[in-house]
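Got the viewer open? Load the model, switch to cartoon, and follow along stop by stop.

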Amino acid sequence: SKLSTAQQTILGLEGEKQRLQRGLEESRAAQQEAQRRQGEAEEAAARSDAERARLQRARDATSAALRDAEARVREAEEDQERAEGDAAALRSELTAARSG
């Protein structure tokens, strides 16, 4: 009786040990999966940071190109105003020469 009780206790402990081992294996598998997902998240964050930096560089380049284009437009407008002034002066001279 004491022997069978001891055997039953041993069997119960072995069963508990097997359950604990399965739980440990499941926990390890879950930990590995969590680590894998964390790695993927870190890679995605790095890609996102790189993309953000690339977009900022593109914005900076676009802003510089816009400033350059605006400066060229201002220069062209000034050139046009000077040309219109020169043309008006030449028309006046031509009119004076014809009537003179």
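Helices here are DSSP runs of H or I with at least four residues, strands are E runs of at least two, and both are numbered from the N terminus. By that count, the protein has one helix and zero strands. You're looking at a predicted model, where local features need pLDDT of at least 70, side-chain atom pairs count only at pLDDT 80 or more, and totals for chains, interfaces and linings use all residues. Residues are numbered from 1 along each chain as its sequence is written, and side-chain values use heavy atoms, with hydrogens and water left out.

**Stop 1: the whole chain.** Show C-alpha atoms and align to the principal axes: they fill a box of roughly 145 × 10 × 10 Å. The radius of gyration is 43 Å, against near 13 Å for a compact globule of 100 residues; it is taken over C-alpha atoms, and the globule rule is 2.2 Å times the number of residues to the power 0.38. Now colour by burial (buried is under 20% relative accessible area, exposed over 50%, partly exposed in between, 1.4 Å probe, protein chains only). Buried residues are 1% of the 100.

**Stop 2: E33, R36 and E40.** Which residue does E33 form a salt bridge with? Select R36: the closest N and O atoms of the pair are 2.4 Å apart. A salt bridge here is a side-chain nitrogen of Lys or Arg within 4 Å of a carboxyl oxygen of Asp or Glu. E33 and R36 sit three residues apart in helix 1, so about one helical turn separates them. Add E40, which also bridges to R36, with closest N and O atoms 2.3 Å apart. R36 and E40 are four residues apart in helix 1, again about one helical turn. R36 is partly exposed at 40% relative accessible area, and E40 is partly exposed too, at 39%.

**Stop 3: D49 and R52.** This salt bridge has its closest N and O atoms 2.6 Å apart. D49 and R52 are three residues apart in helix 1, so they too are about one helical turn from each other. D49 is partly exposed, with 44% relative accessible area. Jump back for a moment and add R37: salt bridges with shared partners join E33, R36, R37 and E40 into one network. The structure holds eight salt bridges.

**Stop 4: E75.** Finish in helix 1, residues 2–99, where E75 has its place. E75 is partly exposed, at 46% relative accessibility.
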